[in-house]
Amino acid sequence: MALSVATWNVNGIRARLDTVADWLGRAAPDIVALQEIKIADEGFPAEPFERLGYNVATHGQKSFNGVALLSRLPLEDVSRGLPGDDGDHQARYIEAVVSAGAGGSVRVASLYLPNGNPPDSDKYSYKLAWMDRLNRHAADLLALEEAFVLAGDYNVIPADGDVHDPAAWAGDALCLPETRARFRALANLGLRDALRACDWRAGQYTFWDYQAGAWQKNNGIRIDHLMVSPQAADRLNAVTIARAERGGEQPSDHVPVVAEFDFQGASR
DNA sequence: ATGGTAGCCTCGCTA
């Protein structure tokens with residue numbers, strides 16, 4: 001069966017409710033990983049999404065961060081928080097198993113990796129530690145030898161082709177060698193950057209700052225990624241960046257990225 | 001030219 005998985009940093013689900021519902025109605029993705037919902041679980045407006053046919057699981061907090069999963073198929077075994085640090089209470093990770101009927105199942109996570117700026121602060125050491133934890137968790141998931149997708153706002157610009165002005169961004173927490181090394185380490189475990197599995201063109205951005213006319217000048221960066229296990233990469237058909245959504249009414253500063261899989265037959 | 005904008009629900013922080 002065909003299955004589409006989208007990731008979208010919405011920058012506040014309350015402010016973006018109409019924008020997100022409108023896109024879901026048009027694009028009809030099967031599974032959606034949302035980031036920066038900026039609301040506690042009890043305040044999440046689940047009903048508009050349920051009316052559109054989605055099951056909803058959230059891991060939110062007041063004002064900042066917050067992630068969610070929407071799925072047309074049932075969400076099972078939902079787990080909240082990235083393993084590896086019981087003292088970390090920032091809401092940046094949710095994972096669930098989506099049962100795809102006779103086609104098997106696919107595990108999906110929505111993650112919001114720390115921004116890390118400025119690089120000389122404890123925010124950057126938190127980012128690097130968070131990436132180390134993510135890589136350890138990914139290694140644990142790989143041992144299951146199942147199809148899975150780690151989708152989200154990674155706050156990582158993987159390579160210079162993913163930023164409009166590499167020199168200007170070289171010292172940013174999204175670009176620094178220590179950041180990129182950890183992102184490469186995730187790939188070296190065996191995960192595939194879904195877009196790069198399908199398409200190597202430079203300049204395919206997923207974020208344009210609200211400030212300084214970044215969208216009008218196409219001053220973008222690519223930081224929203226779907227990292228997929230080998231079992232999922234084998235089923236990957238196409239990846240689309242919904243670039244037009246940046247130009248709509250009340251846009252997020254990020255646009256959706258959608259990966260399409262074909263899980264025909266049993267998952268290997 | 002060290003600006004600019006958006007969300008949250010504050011008198012500033014985060015991005």
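## Exercises on a predicted protein–DNA model

A phosphate oxygen of DNA strand B sits 2.8 Å from a side-chain N or O atom of arginine 14. This model is predicted.

**Exercise 1.** Find which residues come nearest to DNA strand B, and which part of the strand they meet.

*Solution.* Start with the residues around the strand: there are 15. Arg14, Arg16, Lys62, Ser63 and Gln211 come nearest. Next, take the atoms of DNA strand B within 4 Å of the protein: 70% of them belong to sugar and phosphate. Then sort the nearby surface by class: six residues are charged, five polar and four nonpolar.

**Exercise 2.** Give the distances from arginine 16 and lysine 123 to a phosphate oxygen of DNA strand B.

*Solution.* For arginine 16, a polar side-chain atom lies 3.1 Å from a phosphate oxygen of the strand. For lysine 123, a side-chain N or O atom is 3.2 Å from one.

**Exercise 3.** Decide whether serine 229 is buried or exposed, and find its polar partner.

*Solution.* First, locate serine 229: it is in the loop between strand S12 (224–228) and helix H7 (230–233). Its relative accessibility is 0%, so serine 229 counts as buried; the cut-off is under 20%. Its side chain reaches the backbone nitrogen of phenylalanine 148 at 3.0 Å. Beyond four places in sequence, serine 229 also touches Leu142, Glu146, Ala147 and Leu191, among others.

**Exercise 4.** Name the residues with the most contacts inside the largest nonpolar core.

*Solution.* The core has 33 residues. Val106, Val149, Leu226 and Phe261 have the most contacts inside it. Now follow phenylalanine 261: its contacts more than four places away in sequence include Met1, Leu3, Val149 and Val228.

Technical notes
Residues are numbered from 1 along each chain as its sequence is written. Chains are lettered from A and ligands numbered from 1 in the order in which they are written. This is a predicted model: local features need pLDDT of at least 70, side-chain atom pairs count only at pLDDT 80 or more; totals for chains, interfaces and linings use all residues. Side-chain values use heavy atoms; hydrogens and water are left out. A nonpolar core is a set of buried Ala, Val, Leu, Ile, Met, Phe, Trp, Tyr and Cys residues joined through side-chain atoms within 4.5 Å. Buried means under 20% relative accessible area, exposed over 50%, partly exposed in between (1.4 Å probe, protein chains only). Contact means heavy atoms within 4.5 Å. A residue is near a molecule or strand if one of its heavy atoms lies within 4 Å of it. A polar contact is a pair of N or O atoms within 3.5 Å; within protein, one must be able to donate a hydrogen and the other to accept it, and residues adjacent in sequence count only if both atoms are side-chain atoms. Ala, Val, Leu, Ile, Met, Phe, Trp, Tyr, Cys and Pro count as nonpolar, Asp, Glu, Lys and Arg as charged, and the others, Gly among them, as polar. Helices (H or I, at least four residues) and strands (E, at least two) are DSSP runs, numbered from the N terminus.
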